[in-house]
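I opened a new notebook page for a structure I had not looked at before. Below are my entries, in the order I made them.

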Amino acid sequence: MILWSSCNEDDLKKAAAISASKVTFTRDRSLGVEVVYSDSAKVKAKGFAPVLDKVSPKDGKTYQEMPKGVSVDFYGDLQTKTGSITSEYAIMKETEQLTIFRKNVVVVTENMTFTTEELTWDQNKKMFFSQKGLVKRPDGSFVDAINFSAPQDFSTTTFEQGYAETYIKGDLTNQ
């Protein structure tokens with residue numbers, strides 16, 4: 001049996017164009033990485049990633065990718081743990097000063113647990129943003145939030161709209 005294969009001149013031009021548009025980058029991989037963030041000599045957060053890839057594209061927009069997930073613990077002024085973020089994937093875009101957490105993102109603080117599929121930390125604005133997520137409070141109440149935002153300490157949360165269920169203490173029958 002004989003198999004004939006051919007390509008015409010147009011196919012060769014397409015292949016040459018694809019080859020010429022190749023993106024060149026370097027990738028440095030580190031395993032078991034712990035990163036400590038501090039401000040004014042006080043530890044504010046500690047992060048751990050099983051795999052950290054530092055990618056340097058030819059265009060200069062360096063980023064760090066955590067393809068096996070990340071966990072970050074936040075600390076208050078007395079160096080006590082005040083909260084955490086975990087996700088199955090994250091990317092830090094150094095030029096834009098953005099960190100994007102993706103896939104099964106969970107934020108835990110004393111006052112709430114927030115779950116979403118994507119959460120962005122804007123380092124310049126010192127704010128977290130998410131298009132959609134679920135805010136659960138310790139009392140069992142929850143808000144299915146749209147356009148969620150919070151300062152980086154998660155002391156307050158805002159959202160544009162959502163569905164909520166809350167619980168009120170006390171006997172309301174005598175009101």
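What follows are my notes on salt bridges, strand pairing, the largest pocket and one threonine.

**Entry 1: before starting**

I reminded myself that this is a predicted model.

**Entry 2: salt bridges**

How many salt bridges does the structure hold? I found six, and I wrote up three of them.

I began with Asp 77 and Lys 44, whose side chains meet at 3.5 Å, N to O. Asp 77 sits in the loop between strand 4 (70-75) and strand 5 (81-87), while Lys 44 belongs to strand 2 (residues 42-57), so this pair ties together parts that are 33 residues apart in sequence. I then looked up how open each partner is. Asp 77 counts as exposed because its relative accessibility is 55%, and the cut-off for exposed is over 50%. Lys 44 comes out at 31%, so I put it down as partly exposed.

Next I took Lys 81 and Asp 73, which form a salt bridge at 3.3 Å, N to O. Lys 81 is exposed, at 52%. Asp 73, at 25%, is partly exposed.

My third pair was Asp 144 with Lys 132, a salt bridge of 3.3 Å, N to O. Here Asp 144 lies in strand 10 (residues 142-151) and Lys 132 in strand 9 (residues 127-136), so the pair links parts twelve residues apart in sequence. Asp 144 has a relative accessible area of 27% and is partly exposed. Lys 132 is partly exposed too, at 46%.

**Entry 3: strands side by side**

Parallel or antiparallel: in which sense do strand 2 and strand 4 pair? I noted antiparallel, over four bridges. Along that pairing, I found Gly 47 opposite Val 72 of strand 4.

Strand 4 also pairs with strand 5, in the antiparallel sense and over six bridges. Asp 73, which I already had from its salt bridge with Lys 81, stands opposite Ser 84 in strand 5.

I then checked the turn of this hairpin. Five residues lie between strand 4 and strand 5, and Gln 79 takes a positive phi near 60 degrees in the hairpin.

**Entry 4: the largest pocket**

How much space lies in the largest pocket? I wrote down about 890 Å³.

Its lining is made up of 36 residues, and those nearest the centre are Lys 44, Ala 45, Phe 74, Trp 121 and Gln 152. Two or more lining residues come from each of strand 1 (25-39), strand 2, strand 3 (63-66), strand 4, strand 5 and strand 7 (98-109). Strand 2 gives the largest share, six residues. I recognised Lys 44 from my second entry, where it was the salt-bridge partner of Asp 77.

I also sorted the lining by class: 18 residues are nonpolar, twelve are polar and six are charged.

**Entry 5: Thr 99**

I finished with Thr 99, which lies in strand 7. Is it buried or exposed? Thr 99 is buried, because its relative accessibility is 7% and buried means under 20%.

Which residues does Thr 99 touch, leaving aside those up to four places away in sequence? I listed Ile 91, Met 92, Leu 119, Thr 120 and Trp 121. Trp 121 was already on my page, as one of the residues nearest the centre of the largest pocket.

Key. Residues are numbered from 1 along each chain as its sequence is written. This is a predicted model: local features need pLDDT of at least 70, side-chain atom pairs count only at pLDDT 80 or more; totals for chains, interfaces and linings use all residues. Side-chain values use heavy atoms; hydrogens and water are left out. A salt bridge is a side-chain nitrogen of Lys or Arg within 4 Å of a carboxyl oxygen of Asp or Glu. Buried means under 20% relative accessible area, exposed over 50%, partly exposed in between (1.4 Å probe, protein chains only). Two strands pair if DSSP finds at least two bridges between them. On a 1 Å grid over the protein atoms alone, a cavity is a set of points where a 1.4 Å probe fits but cannot get out, and a pocket is an open set with protein on both sides within 12 Å along at least five of seven lines; lining residues have an atom within 4 Å of a point. Grid points are joined across faces, edges and corners, and a volume is the space filled by probe spheres set on the points. Ala, Val, Leu, Ile, Met, Phe, Trp, Tyr, Cys and Pro count as nonpolar, Asp, Glu, Lys and Arg as charged, and the others, Gly among them, as polar. Contact means heavy atoms within 4.5 Å.
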